[in-house]
Structures are given as C-alpha cells and as structure tokens.
Amino acid sequence: MNTDPTPQTLRAAMVAALREDGTIRTDRIAEVMGRVPRELFAPEAQPADAYDPELAVVTKRDEDGLPISSVSAARIQAFMLEQAGPCPGENVLEVGSGGMFAAYLAELVAPDGKVTTVDIDPEVTARARRLLDDAGYEHIRVVAADGAFGLPEHAPYDLIAVTVGAPDIPPAWREQLAPDGRIIVPLRVRGLTRSVVLVPEGDHLVSTGYELCGFVPMQGVEENRERLVLLHDAPGEEVGLRLDDGDQVNAEALHTALASPRQEAWSGVTVGGEEPIDDLDLWLATALDGHARLTATPAARDKGIVASASPLGVATLVAGGTLAYRTVRPTDETRTRFELGAYGHGPAAAAATARLVHQIQVWDKEHRGGPGARFEVHAAGTPDGELPAGRVVDKPHTRITISWPGKP
Ligand SMILES: C[S@@+](CC[C@H](N)C(=O)[O-])C[C@H]1O[C@@H](n2cnc3c(N)ncnc32)[C@H](O)[C@@H]1O
C-alpha cells in the first residue's frame, strides 16, 4: 500500500508550518497557498520536495552548473506575497517566470485582476506556459522578453513583482508603475540581497519593508554580477573577497596581509546560536566605507587561514592593504551564545578590528531590534544635497541610499 502523503496533506503541512513560524499572516494567502497544487508547477521534483518550505526546485543551470532558473522556495514565495499584498482587481507584472508564483498572484487578484509574467529565457516561458495551461491558468499572459524593459503594452501596473536578483532598478519599472503602485524586488546592494518593497514618493522610490532572501542573478541588459577577488588560491583552499557596485581592492597587498599574523578584537555583544543577524550585516554594509564579503572554502578554514567558511561571505572592512572580518566565539562550553568580534590582518589590523567592533556595538545600542533600514531609490545624477543622510550606493540607473532611522 502506498503510504506517501497526498499533495493535499503536504499542502496543509506546508501552510501550517509557514503559519506557525509567522511567515504567513494573512488568511487569504494561507487559503491560496493551501489550495493551489504546487506539485503541478514543480514536476521535476518529488511532491515532498515541492512542498518543503525551504527548498527551491532548480529547473535550469548554466554551463558552470550554477542555477539560473528555479521555482522559488515556498517560504520565499509566502513572505513575498505578504510583502506585496496583491488585491483583487490589480494589474500585476511578474519579472522571472516559474509558473507557481504567477498562479498564486492570479488567485489573489481574481476575479478581475490581470497577471503578466515575463522571462528572458524562452525555454522558461515555454515551460511556464505549459504548466499554467495544464493547471487551468490560461488567462495568465506569459511573455518571452528581457524584463528590465518591463512590458509597456500592459502598463500601468499596480504591482511589479520581480523574482530574480536585481542589481539596480531599471527606469522602465518606475515608468510603468501606477502612481500608487509598488515594486517588490530582490535588490542587491553592497553584496547583500533583500526583498524590498518600494513605493513612489515624489520623484523617487522609498522602501516600506524588506526581508532577507537569495535569488538567481538577473541576465540580459542589466546583468551585473558580483566579482570574486582571490586572496589565497591554493586549490580547494580558496579565500576570496566578493565585491559589488564597482568597489575595487588592492588584491596583492591583501594577499600578503592574509599571510600575516591575525589581530582580534571583541565587542561584548552576544547573540543566540539561532538568532538571525542579517540586519547587523546590513548595518555594517551601511556604516563601513570599504566593504566587501570574505568567502572561503571549509578546507581554508580548517587550515586556519581564515575563521569562517561562509560561501556567501562575512562582512569585511577593507582599508588599503588591511582587512578585518566579522567573527564569533562561544561565550561558554554549551555553545548556545556567541560574542561578536573581528579578526584582522595587515599593517592597520588593530585599527580595522577596533572600527569593525565599534560598529557592532553601535548596531547593538542603536539599531538592534529597531525599525531597520530605509532604502531610497533616486535617479542617477541626483545631487548629493537632495539625498537623505546615510550610505549612498551609485548604480548605473540610480543612486540608492540606505539610512537607519534608529529606535524610537
Ligand atoms: C527564481 S526564477 C523565477 C521564479 C518564479 N517566479 C517562481 O514562480 O518561482 C528567476 C527567473 O528569472 C529569469 N530572468 C533572469 N533575468 C531576467 C530578465 N532580465 N528578465 C526576465 N527574466 C529574467 C530567469 O530566466 C529565471 O527563470
């Protein structure tokens, strides 16, 4: 006898889990995610995987084996639906098509709303068209085109939902947005990606919230990937710096620095083992002038070259031929709490670790548990004097600012 759980059981368990941990807060979203058959949009996966809240089902890889198309994990789709809040009657553009998210959107804007989904890859749109038709969503428009240009023929949009990692906000998205519309976008700034909700305010966009997320990178005219500069290149023991937004480093001097003795500094600020500290990283990316992310293989860590083996990288201050990166140490042998600190290498390592630790302390005192950051997106060329105080990140089309209102 087949004892595999049915899709209905899997769907109910997925929604219960996402309700339980607070990801789904809205009944309408719970109802839709509990009704639409997710397994029909991920035929490549076992049903249990399609319904695993944490699993993305990769549907296409590039020649290096890196994912370039996927059905996003249910948790990401759930919080993006919560962030976007699609309402009946709305006109929605989705950038990046997997079929699944478009189907959820169509349910939420029904009965008289419209969903158009655009993907740069004709194989992806052919797949999405087929799966949407088979599941009864013939009314969703599927278009093969570079979503960086939006789709002016169906604008204005109440909601532009971008489901691919975007390094900038192309002008078309702003131009095709209804005056009271919103854009939800996995925006990469200083090497960190956050699913940000942006709404128009005067001549610019402001954020109303954001969530930590990861997405495959954008292709086409807006393709602009992070760069990896190797500081230690022994095979299998690579250590590198991920750089974003045109940032440059002196790789040769940093290579020498990494081989020099390590300095350390500790902040007295502690975190629980399971506690998310993504806002600390966003704060450090805002506060530190020379910012990069140090990434290393487990073998490099095990050899003691660096203390972290994070593939996405840890927050790092780079100043000339010196670097200092964020690290932790357990506060006792139970290893349930950890103190935040910094390790540094190079001629100015003592000063760099002290600066990093100081910013950890500032975050703890002024921003931890507070309202978080506010992003603003201004057109490129906007004079400094018209921008809010905070970090300014220059992109090809925009000047993005990150500011921190602080705790009330
Ligand atoms: C994570 S998948 C989309 C997931 C999907 N919305 C779902 O239902 O789960 C990202 C997609 O973005 C597409 N993409 C990348 N660059 C694009 C661009 N410039 N315009 C439109 N689509 C793009 C990729 O081909 C890929 O299929």
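Student: How many Å separate the centres of domain 1 and domain 2?
Tutor: Bear in mind that this is a predicted model. The chain is split into domain 1 (58-164), domain 2 (227-367) and domain 3 (374-403). Taking the centres of domain 1 and domain 2 over C-alpha atoms, the separation comes out at 37 Å.

Student: OK, on to the aromatics. Which kind of pair do the rings of Y210 and F375 make?
Tutor: There are five aromatic pairs in the structure. For Y210 and F375, the ring centres are 5.5 Å apart and the planes stand at 85 degrees. Planes over 60 degrees apart count as edge-to-face. So the Y210 and F375 pair is edge-to-face.

Student: How many residues apart in sequence are the parts that Y210 and F375 tie together?
Tutor: Look at the strands they come from: Y210 is in β9 (residues 204-212), while F375 is in β17 (residues 374-379). Y210 is buried at 16% relative accessibility, and F375 is buried at 2%. The parts tied together by this pair are 165 residues apart in sequence.

Student: And W266 with Y343: which strands does that pair tie together?
Tutor: W266 and Y343 are edge-to-face, at 5.9 Å centre to centre with 85 degrees between the planes. W266 is buried at 18% relative accessibility, and Y343 is buried at 9%. The pair ties together parts 77 residues apart in sequence, because the two residues sit in strand β12 (residues 263-272) and strand β16 (residues 337-345).

Student: Which residue has its charged end over the ring of Y343?
Tutor: Y343 has aromatic company, since W266, Y325 and Y343 form one aromatic cluster. The charged end over the Y343 ring is 3.6 Å from the ring centre, and it belongs to R262.

Student: Now the seven-strand sheet. Which strands stand at the edges?
Tutor: Go along the order of this open, antiparallel sheet: β10-β11-β13-β14-β15-β16-β12. The twist from one strand to the next averages 35 degrees. An edge strand here has a single partner, so one of its sides has no neighbour in the sheet; that is the case for β10 (227-232) and β12.

Student: Inside that sheet, what is the bridge partner of R242 in β13?
Tutor: Strands β11 (residues 239-243) and β13 (residues 291-296) pair in the antiparallel sense, with four bridges. Across to β13, R242 is partnered by R293.

Student: At about how many degrees to β10 does helix α8 run?
Tutor: Helix α8 (residues 251-258) lies across several strands of the sheet, namely β10, β11, β14 (314-319), β15 (322-330) and β16. Its direction relative to β10 is about 40 degrees.

Student: Is D281 buried or exposed?
Tutor: D281 is in helix α9 (residues 278-287). Leaving out residues up to four places away in sequence, D281 touches L192, R293, A315 and R326. The relative accessibility of D281 is 7%, and the cut-off for buried is under 20%. So D281 counts as buried.

Student: Over to domain 1. How many of the 11 residues of α4 are buried?
Tutor: Helix α4 (residues 74-84) is mostly covered. Its buried residues include I76, F79, M80 and L81, and also E82 and Q83. Just after α4, G85 takes a positive phi of about 55 degrees. The buried count for α4 is 10.

Student: Which residue takes a positive phi in the hairpin of β1 and β2?
Tutor: Strands β1 (residues 57-61) and β2 (residues 67-71) run antiparallel and are joined by four bridges; V57 has V71 as its bridge partner in β2. Five residues lie between the strands, and the one with a positive phi, near 85 degrees, is G65.

Student: Where is the cis peptide bond that involves P156?
Tutor: P156 is in the loop between β5 (141-144) and β6 (157-162). A cis bond also joins A110 and P111, with omega about 5 degrees. For P156, omega is about 5 degrees, and the bond is the one to A155.

Student: Is R335 buried or exposed?
Tutor: R335 has a positive phi of about 55 degrees despite not being a glycine, and it lies in the loop between β15 and β16. R190 has a positive phi of about 50 degrees without being a glycine, and R190 is buried at 7% relative accessibility. R335 has a relative accessible area of 52%, so R335 is exposed.

Note on methods: Residues are numbered from 1 along each chain as its sequence is written. This is a predicted model: local features need pLDDT of at least 70, side-chain atom pairs count only at pLDDT 80 or more; totals for chains, interfaces and linings use all residues. Side-chain values use heavy atoms; hydrogens and water are left out. Domain bounds come from an automatic or database domain assignment. Rings of Phe, Tyr and Trp (its six-membered ring) pair if their centres lie within 6.5 Å; planes under 30 degrees apart count as stacked, over 60 as edge-to-face and the rest as tilted. Buried means under 20% relative accessible area, exposed over 50%, partly exposed in between (1.4 Å probe, protein chains only). A charge sits over a ring if NZ of Lys or CZ of Arg is within 6 Å of the ring centre and within 35 degrees of the ring normal. Two strands pair if DSSP finds at least two bridges between them. Axes are lines fitted to C-alpha atoms, for helices over the stretch in contact, and angles run from 0 to 180 degrees between N-to-C directions. Contact means heavy atoms within 4.5 Å.
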